[in-house]
Structure formats: C-alpha cells, structure tokens
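Please explain how the aromatic and nonpolar side chains of this structure are arranged, for a reader who has not met it before.

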Amino acid sequence: ITHFDYLNYRYRNMVVNGEISEGNFNGKFQVKDPNLSLLFDGIASFGADTSKYVFKAKVDSANLYAMNLVKDSLAQYKGSLDIDFTYLDAEHWEGRIDLFDLHYRNSKKQFAFNDVNIKSLGLDSLKELIVKSDMVDAQLKGSYSYAGLAQFFEQKIKRYQLPQNQRGQGISPPEFSFDLWVKDAQDLSQSLLSQLLIEPGTHLN
C-alpha cells in the first residue's frame, strides 16, 4: 500500500500480508512511515454488533502530533501490546490488554511502564476491572461507566487540593467498590498526579 489518508495525514510505506473477508482480517500489517513504525500480527474482526481482537503489536516509534492525533507538539509513544478482547462499545468490552515497555512523553510529563496488565470482565451493567503494573495495582467492581469513573476521580483529586472549607459537596459516586495499592509512589506522582504527594505502600479502598 503506497499511502493511506487519515485525519489529514498521509501514511506511507505499508505492507499487508493476510486475509480479509466479511469484516475479518487475519495476518500481518507493517508500517514504516517517517512518523510511525508499527508491526501488527493477529486477528481483527469487525462485526455489526461485536468486534473481536486477538493480536500482538509493536510500536517502535509514533509521533502523535505529526499524525494529527493530539495537539501537543512533543507527544511521542512507543511500546508493545498483546491483546485478546471482545468489544461492544467504549463502555462494554471484555478480555485482556497487556502492555510492555511502554514509553510516553509530551511537553508536560513523561512516564514509562515495564508491564501493564488490564483485565475486564462483564459486558452488561455489572463489571470488574483489574489493573496490575509496576507502579500501581487496582481492582474495580460494580455498576459503573468509565466516563463516570473518570469524572468522579478527577473531582476527588481536585477537591483534595482545596482547603477543607472550600471542597463542597461533590457529585454522587458511581455504584462500585475499589482497591488501589501504590507500589512506585514517586513515578506515579511525577507521571500522573504531579500535584499530589503519595506515600509508598498507600492502600485505598
């Protein structure tokens, strides 16, 4: 494939070796673009209601800004993935995502993970999400949406940065339970929550 256009960016130097039939791809896909070096090997099935992904991928380099994926001009990513999951929509998916040697940086921060293991159970309203990494381990159970969780935890963090008398009531929490174990507090604070100081061995539930 000589080129492919997406989000006003032209990808070049792509090679496909596999089979495509009725919304299913099984094979290898390689990109050697100046702003993306990628190797994909596996299966991607795009059904009308359900999609299935079983593949391994390695990104040697990705200039996210040059490909018009983000607005930060210094955003860079590289890493490897091993994925096996079923996808209905952004709120309903089940399976596992394993990330290896993950490196990301932008103009404000950078972080690296040796291994990140994500497991999701439940395609209906009741879900369980398990995350294990060298920085933090976490487990979520209950009836929740990922958008609702993001909003809830974002507000929690902002409230704890304010004096007690200025925190207000806050939004109603989603129906879930969680356990969070912090392993590498320094890297977690610097990478994700630079405004907070987190003690090593912190356990939240």
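The following paragraphs turn to the aromatic pairs and then to a patch on the surface. The model discussed here is predicted.

A search of the whole structure finds eight aromatic pairs. One of them joins Y9 and Y11, whose ring centres are 4.8 Å apart. The planes of these two rings stand at 80°, and because planes over 60 degrees apart count as edge-to-face, the pair of Y9 and Y11 is of that kind. Both Y9 and Y11 are buried.

A further aromatic pair is formed by F40 and F55, with 4.6 Å from centre to centre and 35° between the planes, and this pair is tilted. F40 belongs to strand β5 (residues 36–46), whereas F55 belongs to strand β6 (residues 51–63), so the pair ties together parts that are 15 residues apart in sequence. F40 has a relative accessibility of 12% and therefore counts as buried. F55 is likewise buried, its relative accessible area being 13%; the cut-off for a buried residue is under 20%.

Aromatic rings also come together in a cluster: ring pairs link F46, Y53, F85 and W93.

The surface offers another view of the nonpolar side chains. There, I1, F4, Y6, L7, V16 and L69 form a nonpolar patch, and together these residues have about 560 Å² of accessible area. V16, one of the members of the patch, is found in strand β3, which covers residues 14–21. The relative accessible area of V16 is 37%, so V16 is partly exposed.

Methods: Residues are numbered from 1 along each chain as its sequence is written. This is a predicted model: local features need pLDDT of at least 70, side-chain atom pairs count only at pLDDT 80 or more; totals for chains, interfaces and linings use all residues. Side-chain values use heavy atoms; hydrogens and water are left out. Patches are made of residues with over 30% relative accessible area and no salt bridge: like charges are joined within 9 Å, nonpolar side chains (Val, Leu, Ile, Met, Phe, Trp, Tyr) within 5 Å. Accessible areas come from the Shrake-Rupley method with a 1.4 Å probe; for residues, only the protein chains shown count as cover. A salt bridge is a side-chain nitrogen of Lys or Arg within 4 Å of a carboxyl oxygen of Asp or Glu. Helices (H or I, at least four residues) and strands (E, at least two) are DSSP runs, numbered from the N terminus. Buried means under 20% relative accessible area, exposed over 50%, partly exposed in between (1.4 Å probe, protein chains only). Rings of Phe, Tyr and Trp (its six-membered ring) pair if their centres lie within 6.5 Å; planes under 30 degrees apart count as stacked, over 60 as edge-to-face and the rest as tilted.
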